[in-house]
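Colleague: Thanks for making time for this. Could you walk me through the model you have on your screen?

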Amino acid sequence: MDCLFCNIIAGTVPSTKIYEDDQMYVFKDIAPIAPVHYLMIPKQHISGVSALTEENAAVVAHIFAVAAKLAKEAGLDNGFRIVTNCGDDAGQTVHHLHFHLLGGKQMGWSAESGV
């Protein structure tokens, strides 16, 4: 499979790992838009939110539980944001389910900047 995130999980594409367990992998975004910008991805290839099913959706709850732990460890006590893009029109460029964990600054909302 020619999926960037699958290759990152496999170790054939380098990344700065933050966390890993049997269900997910977390790494630093290479073009961060906040002081803390991690990408949280399931190890199972799921193309996006639209591909979630009853059988594979439990991984999302696990990702969010780990996100809370990572946010605390990163000192994001004043808040953080979790974002996912669903499909081309929403800006999803890698078609492997992923969530951005963003924090470390006051955030507004702008579709152009992503924060």
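Modeller: Happy to! Before we start, contact here means heavy atoms within 4.5 Å. Please also keep in mind that this is a predicted model.

Colleague: Good to know. Which residues does V49 touch, leaving out those up to four places away in sequence?

Modeller: V49 sits in the loop that runs between β3 and α2. Its relative accessible area is 32%, so V49 is partly exposed. Setting aside residues up to four places away in sequence, the contacts of V49 are T84, C86 and L97.

Colleague: And how far apart in space are V49 and C6, C-alpha to C-alpha?

Modeller: Along the sequence, 43 residues separate V49 and C6. In space, the C-alpha to C-alpha distance for this pair is 17 Å.

Colleague: C86 came up as a partner of V49. Is C86 buried, exposed or partly exposed?

Modeller: Buried would need under 20% relative accessible area, and exposed would need over 50%. C86 has 39% relative accessibility, so C86 counts as partly exposed.

Colleague: As a biochemist I always ask about cysteines. How many disulfides does the structure hold?

Modeller: A disulfide needs two cysteine sulfur atoms within 2.5 Å. For C3, the nearest cysteine sulfur belongs to C6 and is 3.7 Å away, and C3 is in no disulfide. C86 is in no disulfide either, with the nearest cysteine sulfur, that of C3, 16 Å away. The count of disulfides for the structure is zero.

Colleague: Is C3 itself buried or exposed?

Modeller: The cut-off for buried is under 20% relative accessible area. C3 has a value of 7%, so C3 is buried.

Colleague: Let's move to the interior. Which element gives the largest share of the largest nonpolar core?

Modeller: This core has 18 residues, and Y19, M24, V26, M40, I63, L70 and F99 are those that touch the most other members. Two or more residues come from each of β2 (24-28), β3 (36-42), α2 (58-73) and β5 (99-103). The largest share, seven residues, is given by α2.

Colleague: What does L70 touch, not counting residues up to four places away in sequence?

Modeller: L70 is one of the core residues that touch the most other members. Not counting residues up to four places away in sequence, L70 is in contact with I18, Y19, V26 and L101.

Colleague: Which element gives the largest share of the lining of the largest pocket?

Modeller: The largest pocket has a volume of about 600 Å³. Of its 30 lining residues, D29, L39, T93, H98 and H100 are the closest to the centre. The elements giving two or more residues to the lining are α1 (4-10), β2, β3 and β5. The largest share, three residues, is from α1.

Colleague: How many charged residues are in that lining?

Modeller: By class, 16 of the lining residues are nonpolar and twelve are polar. The number of charged residues is two.

Colleague: One last residue, N56. Which residues does N56 touch, apart from those up to four places away in sequence?

Modeller: N56 is in the loop between β3 and α2. At 11% relative accessibility, N56 counts as buried. Apart from residues up to four places away in sequence, N56 touches Q44, I46 and A51.

Terms used: Residues are numbered from 1 along each chain as its sequence is written. This is a predicted model: local features need pLDDT of at least 70, side-chain atom pairs count only at pLDDT 80 or more; totals for chains, interfaces and linings use all residues. Side-chain values use heavy atoms; hydrogens and water are left out. A nonpolar core is a set of buried Ala, Val, Leu, Ile, Met, Phe, Trp, Tyr and Cys residues joined through side-chain atoms within 4.5 Å. Buried means under 20% relative accessible area, exposed over 50%, partly exposed in between (1.4 Å probe, protein chains only). Helices (H or I, at least four residues) and strands (E, at least two) are DSSP runs, numbered from the N terminus. On a 1 Å grid over the protein atoms alone, a cavity is a set of points where a 1.4 Å probe fits but cannot get out, and a pocket is an open set with protein on both sides within 12 Å along at least five of seven lines; lining residues have an atom within 4 Å of a point. Grid points are joined across faces, edges and corners, and a volume is the space filled by probe spheres set on the points. Ala, Val, Leu, Ile, Met, Phe, Trp, Tyr, Cys and Pro count as nonpolar, Asp, Glu, Lys and Arg as charged, and the others, Gly among them, as polar.
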